[in-house]
Amino acid sequence: ARLGAAVLAAVAAASLCPALMSPLGAVTSDPRKAMSQIPAWFEPSTQGTVFTSRGIRVSVAIDRRGAALSASGREMRLSFPGSRPAAALEGLERQAATTQYLLGNRRDAWRRNVAHFDRVAARGVYPGVDVVYYNNGRNLEYDLLVAAGADASAIRLSFAGARPRIQADGSLRFDSEFVQQAPVSYQERGGRRIAVESRYQ
């Protein structure tokens with residue numbers, strides 16, 4: 001099916017351990033609780049070929065092929081079969097904060113002012129299709145953005161390290177710590193969102 005100016009939002013929420021949150025404004029001496037109050041972000045590797053997540057419930061590494069997720073000793077990799085190997089990664093919505101990695105005595109090995117981003121885009125995963133990853137609360141989600149005239153039927157999802165099962169509510173449940181919610185799809189026209197039927201097959 002060809003969807004003009006469509007935005008396919010496939011929600012990949014990882015439901016894992018409970019968030020370690022303190023009441024807003026509360027003072028805590030527990031470093032893990034203090035860190036949990038900081039907004040989540042993505043940061044690039046030295047070469048910018050991998051983005052890692054910080055501050056969400058699951059460890060995430062995003063590259064041109066997809067995303068590797070790890071939690072509670074379990075691992076899973078999301079990839080897009082038949083995708084273009086030349087897809088480029090781009091950090092979106094840069095935050096004001098940065099990270100300093102001053103490890104060891106060699107100053108030339110230190111990483112200073114590592115940028116924080118709210119989102120990461122993989123451009124041209126399929127012709128006319130981008131994937132945008134972001135944090136929703138403490139979970140990883142992603143959108144498949146389909147340009148006008150692009151072929152949405154080219155999109156394929158592959159999950160290595162976990163076997164998905166389609167549930168009655170349309171979600172994917174895995175034989176691991178992960179769950180992916182039913183897809184939410186819509187087309188944007190004149191500033192309005194028009195629902196498009198979609199499901200996992």
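Here is a short conversation about how some features of this predicted model get their names.

User: What does the secondary structure of the protein come to?

Analyst: There is 1 helix, alongside 16 strands. The protein has 201 residues, and 40% of them count as buried.

User: Why does Phe51 count as buried?

Analyst: Buried means under 20% relative accessible area. Phe51 has a relative accessibility of 4%, so Phe51 counts as buried.

User: And what makes Phe117 buried?

Analyst: The cut-off is again under 20%. Phe117 has a relative accessible area of 13%, and therefore Phe117 is buried.

User: Why is the pair of Phe51 and Phe117 called edge-to-face?

Analyst: Two values are needed here, because a pair of aromatic rings is described by the distance of the centres and the angle of the planes. Rings pair if their centres lie within 6.5 Å, and planes over 60 degrees apart count as edge-to-face. Phe51 and Phe117 are 6.1 Å apart, centre to centre, with 70° between the planes. Both values meet the rule, so this aromatic pair is edge-to-face.

User: Where in the chain do Phe51 and Phe117 lie?

Analyst: Phe51 belongs to strand β3 (residues 51–54) and Phe117 to strand β8. They are 66 residues apart, so the pair links distant parts of the chain.

User: Why is the pair of Tyr133 and Tyr142 called tilted?

Analyst: Planes under 30 degrees apart count as stacked, those over 60 as edge-to-face, and the rest as tilted. Tyr133 and Tyr142 have 45° between the planes and lie 6.2 Å apart, centre to centre. That angle falls in neither of the other classes, so the pair is tilted. Tyr133 and Tyr142 are both buried, and ring pairs link them with Phe80 into a cluster.

User: How do you know that Arg119 lies over the face of Tyr134?

Analyst: For the distance, CZ of Arg has to be within 6 Å of the ring centre. Arg119 is at 4.4 Å from the ring centre of Tyr134, and Arg119 lies over the face of that ring. In the strands, Arg119 also stands opposite Tyr134 in β9.

User: How do you know that β8 and β9 pair?

Analyst: Two strands pair if there are at least two bridges between them. β8 and strand β9 (residues 129–136) are joined by 5 bridges and run antiparallel, so they pair. They form a hairpin with 2 residues between them, and Gly128 in the turn has a positive phi of about 80°.

User: What makes β12 and β14 edge strands?

Analyst: In the open sheet with the order β12-β13-β14, β12 (164–166) and β14 (179–180) each pair on one side only.

Note on methods: Residues are numbered from 1 along each chain as its sequence is written. This is a predicted model: local features need pLDDT of at least 70, side-chain atom pairs count only at pLDDT 80 or more; totals for chains, interfaces and linings use all residues. Side-chain values use heavy atoms; hydrogens and water are left out. Helices (H or I, at least four residues) and strands (E, at least two) are DSSP runs, numbered from the N terminus. Buried means under 20% relative accessible area, exposed over 50%, partly exposed in between (1.4 Å probe, protein chains only). Rings of Phe, Tyr and Trp (its six-membered ring) pair if their centres lie within 6.5 Å; planes under 30 degrees apart count as stacked, over 60 as edge-to-face and the rest as tilted. A charge sits over a ring if NZ of Lys or CZ of Arg is within 6 Å of the ring centre and within 35 degrees of the ring normal.
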